[in-house]
Amino acid sequence: MSGKHSDFDELRLVSVTRTFGGATAPRFAALQDLSLVVRRGEFIALLGPSGCGKSTALNCIAGLLQLSSGGIWLDETRIDVLPPERRGFGMVFQNYALFPHMTVRKNVGFGLRMRGVPPGDIRRRVDHAMSLVQIEGQAEKLPGQLSGGQQQRVAIARAIVIEPPLVLMDEPLSNLDAKLRIETRAEIRRIHRELGRATIYVTHDQDEALSLADRIVVLREGVVQQVAPPHEVYSQPANLHVARFMGYRNVIDFDPVPDARVGQVTLRRQGMSLTGTLRHPVNGGRLFAAIRPDDITIGPAQTFNSLPCGVDYVEYCGRDSMVDVSVPGGVKLHVRTSSPVSPGDRLHLSVPPERVLVYAADA
Amino acid sequence: MGASVTTAGETVHHRSRRGSRIDPAYLLLTPATLFMLLLFVYPFLYGLLLSFEPEKGGWLSNYRTFFSNDRLWPTILTTLKIAGPATAINLAMAIPLAYRLRVKSRYQKWVTAILVVPITLGVVLIADGMLTYLGPKGWLSQTLQAVHLIEEPVHLTHNYIGVVISLVISGFPFVFLLVLSYITGIDPVLARAAATLGANPWQQFRHVYLPLLSPGLTMAFCLAFVQAFSVYPSAVLLGAPAGPTRVISIAAYEAAFEQYDAPLASCVAMVMGLVQLAVVGAALGLRGLFYRGPVTGGKG
């Protein structure tokens, strides 16, 4: 298996489904009908909250979980029938899973030893991988003697040294502190650029997904919500759930609008009205507007698409502030602004209609 | 072992805070300490000193007697020949079974319970059962003869084999539970990581589990060996105590209760302890060569 597929054109997931449970426990679908095509060199992020099925999907691709239905193809080869040791994918685990009894060098070289690569080549390739992740100085140490960040880099080196067609990463940064997370994120980006290997990256952190991915797959309770490049997921979330997850903290429900059409729509509820943009047809029912805190302007003047508000609380964030306001109708909103405001001020909010995204209710 | 972090500087001394008074909590140790002293340390020291006070001759004459008497010193080898293989067999059986049962499943509890039943039986009951079922007129012999697999009755009792079998039966639950606890302590994600790197199940066992188990296996060996080395009822009931299974505890018993030579008996007991100590020491020395740190895969 090794070397035969060191490069590929497509990894195809077709209706991949994984259910748990059976005779004694109620069946529940951790993953439902995931279909995705990953192209050579692409960086895909699987994004979603805990329990959305992203780790399940990764484990199915790795071969650590069997599919309940569906299939996975690497070009023309069907791989979901193969055990993990025959798939040849490199995997980086959330808690690194370094072999505690082996030195860094032996850890990194493990995959090559399993493949029967000659010792001279092993040494050369391990040295190269260690220098790529900048861990050369720790070659003879045991994992227990390394810091979290160093262990993480060893785990990455171990996965890429086998030159796999696909690299799988399961929330690799979640155990690192904030500063280290940002640094290691840059490392991962750099390594991906240098090696150009297709990568599938699981995370619950939207910042990671936005900064690393070519395309983001947003999952919720096992079902795909949206597959799109980062800027699209960020500014045009496909539904209310994705919007909430991507930081559209302000969600206001409005009265139904009969015969609402795609395009601009006037939203009304007790005490206020707003103009928003509807992207997909809806089937009646209440409408929900999602607005990013940074898309709202707060100031003394009343302008188009504006609401009067009272400032409740100002949370200082350094570069700007997160301001909690109350608007008519008993609605509370969050606004991110660098204008100086204080609690008790009576001001006006305004937001461009194209940044008020209108959706039907969450399923 | 493993990464332990001690806070620099701050060690709290309860005792120094209270001056010269002893922390009353230590008094809770008294019952156990007394128990140990009265029922273990004192008899041991008494026996040790007694072994140097023979009925006649110099202070080492008991030991000289032991090592020159052809009915005494060979018992060391006899017992080693019984205890060694019995322990090795137990380990060899326990490892694959514990490996199969390492994943929590419905079967794990049931199979574990069944495998552990012999611990409740006691050595004498096991011996009695073996004599009945595995003896020359027992059902095993009769069944095998009836289907013509063998022509003569089986000889599994009143010999070396019988004692080894009995030690395996009575010692297996203990070894199995120990090995099972070591195996389940190894983070299963390590085997998964090895799999993604191309290791098949055998390679996962050989490169991941076995090295991490080795220190634990050595400990299990030590404990099981010491237990097996002190074999007595099995050797008498199921063995041939006159010759092939004349173990060292038989020699001690005879010296104490047939020859009424307490100092010699104590001497035999001390030699027995020394041999056990030597084997355990060698095993622990071997253990020092293995990795003994944490068996999880890293942080989190």
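At 39% relative accessibility, Glu163(A) comes out as partly exposed. This residue of the predicted model sits in the loop that runs between H4 and S7 of chain A. Its backbone is a bit out of the ordinary: most residues other than glycine have a negative phi. Glu163(A), though not a glycine, has a positive phi, near 50°.

Chain B offers another case. Tyr260(B) also has a positive phi, near 50°, and again the residue is not glycine. Tyr260(B) is placed in the loop between H13 and helix H14 (262–287) of chain B. With a relative accessible area of 64%, Tyr260(B) counts as exposed, whereas Glu163(A) is partly exposed.

Just before H13 comes another loop, the one between helix H12 (233–237) and helix H13 (248–258) of chain B, and Pro244(B) lies in it. Pro244(B) is exposed, at a relative accessible area of 53%. What separates Pro244(B) and Thr78(B) in sequence and in space? Along the chain they are 166 residues apart, yet their C-alpha atoms are 7.3 Å apart.

Back in chain A, the elements on either side of the Glu163(A) loop, H4 and S7, turn up again around empty space inside the protein. Rolling a probe the size of a water molecule over the atoms shows where such space is left. The structure holds 4 cavities of 30 Å³ or more, and the largest cavity encloses about 90 Å³. Its lining is made up of Ile156(A), Ile160(A), Val167(A), Met169(A), Ile188(A), Ile191(A), His192(A), Leu195(A), Arg197(A) and Thr199(A). Helix H4 (148–160), strand S7 (166–170) and helix H5 (178–195) of chain A each give two or more residues to that lining. H5(A) provides the largest share, with 4 residues. Sorted by class, the lining has 7 nonpolar, 2 polar and 1 charged residues.

What about the cysteines? A disulfide is a covalent bond between the sulfur atoms of two cysteines, and the structure has 0 of them over all chains. Cys60(A) is in no disulfide, and the nearest cysteine sulfur, in Cys52(A), is 13 Å away. Cys60(A) has 1% relative accessibility and so counts as buried. Why is Cys309(A) without a bond to the closest cysteine sulfur? The closest cysteine sulfur, in Cys317(A), is 17 Å from the sulfur of Cys309(A), which is too far for a bond. Cys309(A) likewise counts as buried, because its relative accessibility is 2%, under the 20% cut-off.

Technical notes. Residues numbered from 1 in each chain as written. Chains lettered and ligands numbered in written order. Predicted model: local features only at pLDDT ≥ 70, side-chain atom pairs only at ≥ 80, totals over all residues. Heavy atoms only, no water. 1 Å grid on protein atoms, 1.4 Å probe; cavity = no way out; pocket = protein on both sides within 12 Å on 5 of 7 lines; lining within 4 Å. Points joined across faces, edges and corners; volume = space filled by probe spheres on them. Nonpolar A, V, L, I, M, F, W, Y, C, P; charged D, E, K, R; others polar. Disulfide = S-S within 2.5 Å. Buried < 20%, exposed > 50% of the residue type's maximum accessible area, 1.4 Å probe, protein only.
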